[in-house]
Amino acid sequence: MRTPIDPELIARHNASLERDLKEDYQHLGAVLARRGVDLDEVTGRIRRFAVAIPSWGVGTGGTRFARFPLAGEPRNVFEKLEDCAVIQQLGRATPTVSPHFPWDRVEDINGLRDTARSYGLGFDAVNSNTFEDLPGQLSYKFGSLTHTDRRVREQAIAHNLECIEVGKKLGSRALTVWIGDGGNFPGQQDMTRALERYLESMHPIVAALPEGWRAFIEHKLYEPALYTTVISDWGTSFICASQLGPNVQCLVDLGHHAPTTNIEQIVARLIQFQRLGGFHFNDSKYGDDDLDTGSANPFQIFLVFNELVDAELRGAPGFAPSYMLDQSHNVTDPIESLLESAVALQRAYAQALLVDRKRLREAQEANDALLANRALHSAIESDVEPAIRMARKLNGGAIDPVAVYRASGYRRAKAEQRPQELTGKAGIV
Ligand code: RM4
Ligand code: MN
Ligand code: MN
């Protein structure tokens, strides 16, 4: 297997941290044993936790105003895979990549699959893109799957079918459909007819899904359309999934709701009715900010994981969400951000595993709001870092991945090997 970071460097760093880790781990084990929790069991679950890297996330993002490229950032999907391999080699929580087409389009799809394999990587959901124009195509300026012009709808359907074909070759098992369709002015779009056209367009896409595949419908409140958005909320997403078939589920992007929305409640509902397809994890303060997961509001991620762990432990029927990140890194090295984001998810997961669910249930049944709330808070008060570090070490990664990454000089080397062309292009990703 190809290892972009020198394994010797990881081993040396780990050797210098091993003693402290052992002590910290033993201490945490003793603390948790007093509460009846088996630390090794928690560590085992963390070891099996996995989240996909978005291929678009390893490049530097930007805002509507400017993009400040990072020297040595990837210039094509093969270089993106190399960066994803670094993240996986050090962090061991991100064994798959979620590709985006046409951004990642290549002639040799089998070559792409083999390159991923050579790094020990696989592919998660394939993302279609009908929110941008390509030269020589009909324009998506006024929509794609819901466009008033049948020819534009057909073009958008054909693109999704192509994504499925590519995904089959890559070993993916899901298609994520996010459309930017909507309107900027009251009256611009007939809301009912737009949704009818969406369903009509989605039927042939769903019909083309191979056995065992799922389609994920990703909703988003607004942007790029600023007055109406066709798939604006989880209600619309849920209705469409129900209309389209059992293999169509909802994808929750953490940044795609109004600021005060109770996202964990949406998650609970989708689990209850077997429509939770997956996540695009990120963090935000105002809107679809695409900040690093857990960097601004880690409690939100914990509350989502509290629902996920509850479903996992009780074996909720049909519960198999696909975990993916969807972030835009404007001021950090994307590799470092993605490493830290995967850890933030492991932390939320580990903390949710520590919730005393029996005590929580008893408090809920007795309407003891204070004790019920305390059951959640005592879980996040525990320092689970030793469990996360131990899981990473046991999985063959670095105890301190960012320190090893910085010491490796990877980005400096890439800056020489990957000279950039300055495009001056602004953009969200
Ligand atoms: C959208 C949405 C999609 C992603 C694009 C790049 O806001 O989150 O998931 O594919 O951005
Ligand atoms: Mn997303
Ligand atoms: Mn988004």
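In the predicted model, H256 is buried, its relative accessible area being 4%. Together with D288, H256 supplies the protein donors of the manganese ion (ligand 3): the NE2 atom of H256 and an OD atom of D288 lie 2.2 Å from the metal. H256 is located in the loop between β10 and α8 (263-272), whereas D288 belongs to the loop between β11 and α9 (298-314), so the pair ties together parts of the chain that are 32 residues apart in sequence.

A second metal accompanies this site, with 3.9 Å between the manganese ion (ligand 3) and the manganese ion (ligand 2). The manganese ion (ligand 2) is coordinated by E218 (OE), D253 (OD), H280 (ND1) and D326 (OD) at distances of 2.1 to 2.2 Å. Angles of 70 to 168 degrees are subtended by the six donor atoms around this ion, which makes the arrangement octahedral. Along the sequence, the donor residues of the manganese ion (ligand 2) follow the spacing E-x34-D-x26-H-x45-D. Distant parts of the chain are linked by the pair H280 and D326, which are 46 residues apart: H280 is in strand β11 (residues 276-281), and D326 is in the loop between β12 (322-325) and α10 (334-354). Both residues fall under the 20% limit for burial; H280 is buried at a relative accessible area of 1%, and D326 likewise counts as buried at 9%.

The strand that carries H280 is mostly covered, since six of the six residues of β11 are buried. Strand β10 (residues 248-253) runs parallel to β11 and is joined to it by four bridges. Within this pairing, V252 stands opposite F279 of β11.

Elsewhere, an open sheet of three strands shows parallel pairing in the order β1-β2-β4. Its edges are formed by β1 (53-54) and β4 (122-123), each of which pairs on one side only. Strand β1 is joined by two bridges to β2 (residues 96-98), and the two run parallel. P54 is placed opposite S98 in β2.

Helix α5 (residues 150-170) comprises 21 residues, which at 1.5 Å a residue should span 30 Å; the C-alpha atoms at its ends are 30 Å apart, in agreement with this expectation. At the start of α5, a side-chain oxygen of D149 comes within 2.8 Å of the backbone nitrogen of R151. Just after the helix, G171 adopts a positive phi of about 85 degrees. The buried residues of α5 are V152, R153, Q155, A156, I157, H159, N160, C163, I164, V166, G167 and L170. These buried residues pack against β3 (100-101), α4 (109-118), β4, β5 (126-128), β6 (174-177) and α6 (191-207).

The loop between β5 and α5 contains T146, a residue that counts as buried at 1% relative accessibility. The side chain of T146 forms a polar contact of 2.8 Å with that of D181. When residues up to four places away in sequence are left out, T146 touches R153, I179, D181, Q189, A194, R197, Y198 and V230.

Several backbone features are also present in the loops. Most residues other than glycine have a negative phi, and most peptide bonds are trans. The peptide bond from F101 to P102 is cis, with omega near 15 degrees, and P102 lies in the loop between β3 and α4. A cis peptide bond also leads from E223 to P224, with omega near 10 degrees; P224 is situated in the loop between β8 (214-218) and β9 (228-229). E223, found in the loop between β8 and β9, has a positive phi of about 80 degrees although it is not a glycine. The relative accessible area of E223 is 28%, and the residue is partly exposed. R92, another residue other than glycine, has a positive phi near 60 degrees. R92 occupies the loop between α3 (77-91) and β2 and counts as partly exposed at 25% relative accessibility.

Finally, helix α7 (residues 234-244) includes I239, which is partly exposed with a relative accessible area of 49%. I239 and A379 are 140 residues apart in sequence, and their C-alpha atoms are 35 Å apart in space.

How values were computed:
Residues are numbered from 1 along each chain as its sequence is written. Chains are lettered from A and ligands numbered from 1 in the order in which they are written. Side-chain values use heavy atoms; hydrogens and water are left out. Donors are N, O and S atoms within 2.8 Å of the metal (3.2 Å for Na, K and Ca); water is not among the atoms, so sites may look incomplete. Four donors count as tetrahedral if all angles lie between 85 and 135 degrees; four count as square planar and six as octahedral if opposite donors are over 155 degrees apart and all others between 65 and 115; anything else is irregular. Buried means under 20% relative accessible area, exposed over 50%, partly exposed in between (1.4 Å probe, protein chains only). Two strands pair if DSSP finds at least two bridges between them. The expected span of a helix is 1.5 Å times one less than its number of residues. Contact means heavy atoms within 4.5 Å. A polar contact is a pair of N or O atoms within 3.5 Å; within protein, one must be able to donate a hydrogen and the other to accept it, and residues adjacent in sequence count only if both atoms are side-chain atoms.
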